Amino acid sequence: MLRVGLTGGIGSGKTTVARIFESLGIPVYNADTSAKRLMNSDEKLRGEIIKVFGANSYKGTELNRSFLSSEIYNDEKKLDKLNALVHPVVFRDVKSWAEKQTSPYVIEEAAILFESGSNKFQDFIIGVTAPEELRIRRLKKRDGKTEEEIRFYISRQMDEEKKMSLCDVVIQNDERQMLVPQVLAVHKRLLELAKTFSKKDPPSEETSSL
Ligand code: ATP
């Protein structure tokens with residue numbers, strides 16, 4: 001199965017692009033939503049999070065998101081610790097999800113695809129980009145966050161230009177160039193690639209580093 005990553009900074013339009021791929025019949029796994037689901041449903045992960053962040057990190061079996069968010073908001077070391085617990089569980093989950101799909105290729109949508117190391121498992125990576133001012137405007141409208149908060153989140157992600165330079169193809173979501181024709185061109189390329197694709201050896205979980 002050809003595995004395709006879809007990434008971009010916050011507010012770049014990953015989910016918007018993912019929906020177009022879904023409308024073409026391509027299954028999309030959202031790493032962020034799945035991480036939140038797994039933090040609630042995976043008992044072993046819950047135990048590990050409680051061990052590191054304390055009993056307050058859950059209310060019963062439900063993740064105490066406001067507590068955990070405040071713990072990691074200004075503390076990169078704690079954020080790294082949380083990621084080190086969550087990412088391997090997501091890697092396993094997306095792998096077993098991908099194996100069940102029957103489409104020519106599957107997409108994993110992740111804002112921090114490179115930062116998490118998930119790029120190692122992808123055969124092709126799509127980047128979505130948009131000018132920073134436009135991303136800020138979108139997120140203010142969508143999430144009601146302040147410009148300061150949004151800039152802080154952007155500053156914690158990999159530099160946009162660097163991220164896009166690591167992608168195999170970049171979709172421009174600047175509201176000037178139309179999205180659908182760009183997605184259709186990538187879809188065509190991926191269908192061709194899927195035909196010739198011979199499964200490459202993914203790194204084993206034991207040797208992969210975060
Ligand atoms: P995040 O990383 O925060 O989840 P994202 O990269 O998935 O964000 P989207 O949720 O797709 O980004 O887009 C952010 C907001 O901008 C959404 O409200 C979306 O509807 C809007 N948006 C994205 N692309 C466009 C576009 N081309 N035209 C108009 N609005 C757009």
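In the predicted model, the ligand occupies the largest pocket. The shell around this ligand comprises 14 residues, of which Lys14, Thr15, Thr16, Arg142 and Asn173 are the closest. By residue class, the shell is made up of two nonpolar, seven polar and five charged residues. Two helices contribute to this shell with at least two residues each, namely helix H1, spanning 14–23, and helix H7, spanning 132–143.

Polar contacts to the ligand involve both backbone and side-chain atoms of the protein. From the backbone, an N or O atom of Gly11 is placed 3.2 Å from a ligand oxygen atom. From the side chains, an N or O atom of Arg142 lies 2.7 Å from an oxygen atom of the ligand, while a polar side-chain atom of Asn173 is found 2.7 Å from a ligand nitrogen atom. On its own, the ligand has 630 Å² of accessible area, and the protein covers 70% of this area. Arg142 and Asn173 thus appear both among the closest residues of the shell and in contacts made through their side chains, Arg142 with an oxygen atom and Asn173 with a nitrogen atom of the ligand.

Charged side chains also pair with one another within the protein, the structure containing 16 salt bridges. One of these joins Lys36 to Asp32, with a separation of 3.4 Å between the closest N and O atoms. Both residues belong to helix H2, which covers residues 31–41; because they are four residues apart in this helix, about one helical turn separates Lys36 from Asp32.

Technical notes:
Residues are numbered from 1 along each chain as its sequence is written. This is a predicted model: local features need pLDDT of at least 70, side-chain atom pairs count only at pLDDT 80 or more; totals for chains, interfaces and linings use all residues. Side-chain values use heavy atoms; hydrogens and water are left out. A residue is near a molecule or strand if one of its heavy atoms lies within 4 Å of it. A polar contact is a pair of N or O atoms within 3.5 Å; within protein, one must be able to donate a hydrogen and the other to accept it, and residues adjacent in sequence count only if both atoms are side-chain atoms. Accessible areas come from the Shrake-Rupley method with a 1.4 Å probe; for residues, only the protein chains shown count as cover. On a 1 Å grid over the protein atoms alone, a cavity is a set of points where a 1.4 Å probe fits but cannot get out, and a pocket is an open set with protein on both sides within 12 Å along at least five of seven lines; lining residues have an atom within 4 Å of a point. A molecule sits in a cavity or pocket if more than half of its atoms lie within 2 Å of its grid points. Ala, Val, Leu, Ile, Met, Phe, Trp, Tyr, Cys and Pro count as nonpolar, Asp, Glu, Lys and Arg as charged, and the others, Gly among them, as polar. A salt bridge is a side-chain nitrogen of Lys or Arg within 4 Å of a carboxyl oxygen of Asp or Glu.
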